[in-house]
Amino acid sequence: ISELRGDMNNICCDSGEGEGSCDEFEELCNFDEDDDYIDDEDMTVDLFGEHMSREIVKHLVDFYEYLFMNKKLKEKTADKHCENVELYISDYLNMRSLEDLNRVTKNSMHIFMLDWFIPNVATSASNVRSQLTSLSQYIKFLADKGFVDKSLLQDFKEISKNKENYVDYFDEYIYGDDGDIF
């Protein structure tokens with residue numbers, strides 16, 4: 001596992017996305033929580049007691065409505081997708097406004113899954129699959145609403161195709177098997 005985690009920098013930097021990929025990797029790994037400080041008056045508390053900006057809460061509500069009304073998903077399913085996406089955008093990326101959507105990248109999703117979600121949150125293989133499915137729904141939402149370029153959707157399809165690799169990584173993380181996954 002340590003070899004895989006150590007190779008994340010190589011995965012991100014060798015992804016063919018240009019020289020900025022390594023810088024982006026370093027920026028994500030060294031993110032300062034004090035960046036983009038927002039006054040408490042602009043913050044609200046979510047279901048888990050975490051502080052989020054009202055703009056991000058509204059964004060998650062819009063995502064929920066997109067899933068429930070447009071995609072015709074069940075309320076429980078839409079809720080789960082929103083909960084999963086909140087982990088990514090609020091807890092991991094520390095987004096405070098829609099201007100922070102530039103943090104949503106192929107590399108940030110890959111690093112999120114390998115270095116944050118699987119070691120800190122994932123409890124089962126189905127949990128890993130669920131998170132990837134939620135991220136996929138979120139990227140479709142962002143592309144459909146024009147928040148991100150459609151190329152990000154294509155990038156995420158590449159991650160989704162390798163869903164079982166993330167499940168294998170989870171299994172190795174839990175059970176300590178050292179195989180070559182990525």
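Start by selecting Phe 68 in this predicted model. Its relative accessible area is 33%, so Phe 68 counts as partly exposed, the class between under 20% and over 50%.

Next, add Tyr 88 and Phe 112. These two rings form an edge-to-face aromatic pair, with 5.1 Å centre to centre and 65° between the planes. The pair links distant parts of the chain: Tyr 88 sits in helix H5 (residues 75–92) and Phe 112 in helix H6 (residues 106–120), 24 residues apart. Both Tyr 88 and Phe 112 are buried.

Now look for other ring pairs. How many aromatic pairs does a search of the whole structure find? The search finds twelve. One of them joins Tyr 64 to Phe 68, and this pair is stacked, at 5.7 Å centre to centre with 15° between the planes. Show helix H4 (residues 54–70) to see where they lie: Tyr 64 and Phe 68 are both in H4, four residues apart, which is about one turn of the helix.

Then select Phe 63, Tyr 66, Tyr 138, Phe 141 and Phe 147. Ring pairs link these residues into a cluster.

Last, return to H6 and display helix H9 (residues 163–175) with it. The axes of H6 and H9 come within 11 Å and cross at roughly 35°, and the crossing is right-handed. For the side chains, pick His 110, Met 113, Leu 114, Ile 118 and Pro 119 in H6; they meet Tyr 166, Tyr 169, Phe 170 and Tyr 173 in H9. By class, this contact has eight nonpolar residues, one polar residue and no charged residues.

Notes:
Residues numbered from 1 in each chain as written. Predicted model: local features only at pLDDT ≥ 70, side-chain atom pairs only at ≥ 80, totals over all residues. Heavy atoms only, no water. Phe/Tyr/Trp six-rings, centres within 6.5 Å; stacked < 30°, edge-to-face > 60°. Helix = DSSP H or I, 4+ residues; strand = E, 2+ residues; numbered from the N terminus. Buried < 20%, exposed > 50% of the residue type's maximum accessible area, 1.4 Å probe, protein only. Axes fitted to C-alpha atoms, helices over the stretch in contact; angles between N-to-C directions. Left-handed = near helix turned anticlockwise from the far one by under 90°. Contact = heavy atoms within 4.5 Å. Nonpolar A, V, L, I, M, F, W, Y, C, P; charged D, E, K, R; others polar.
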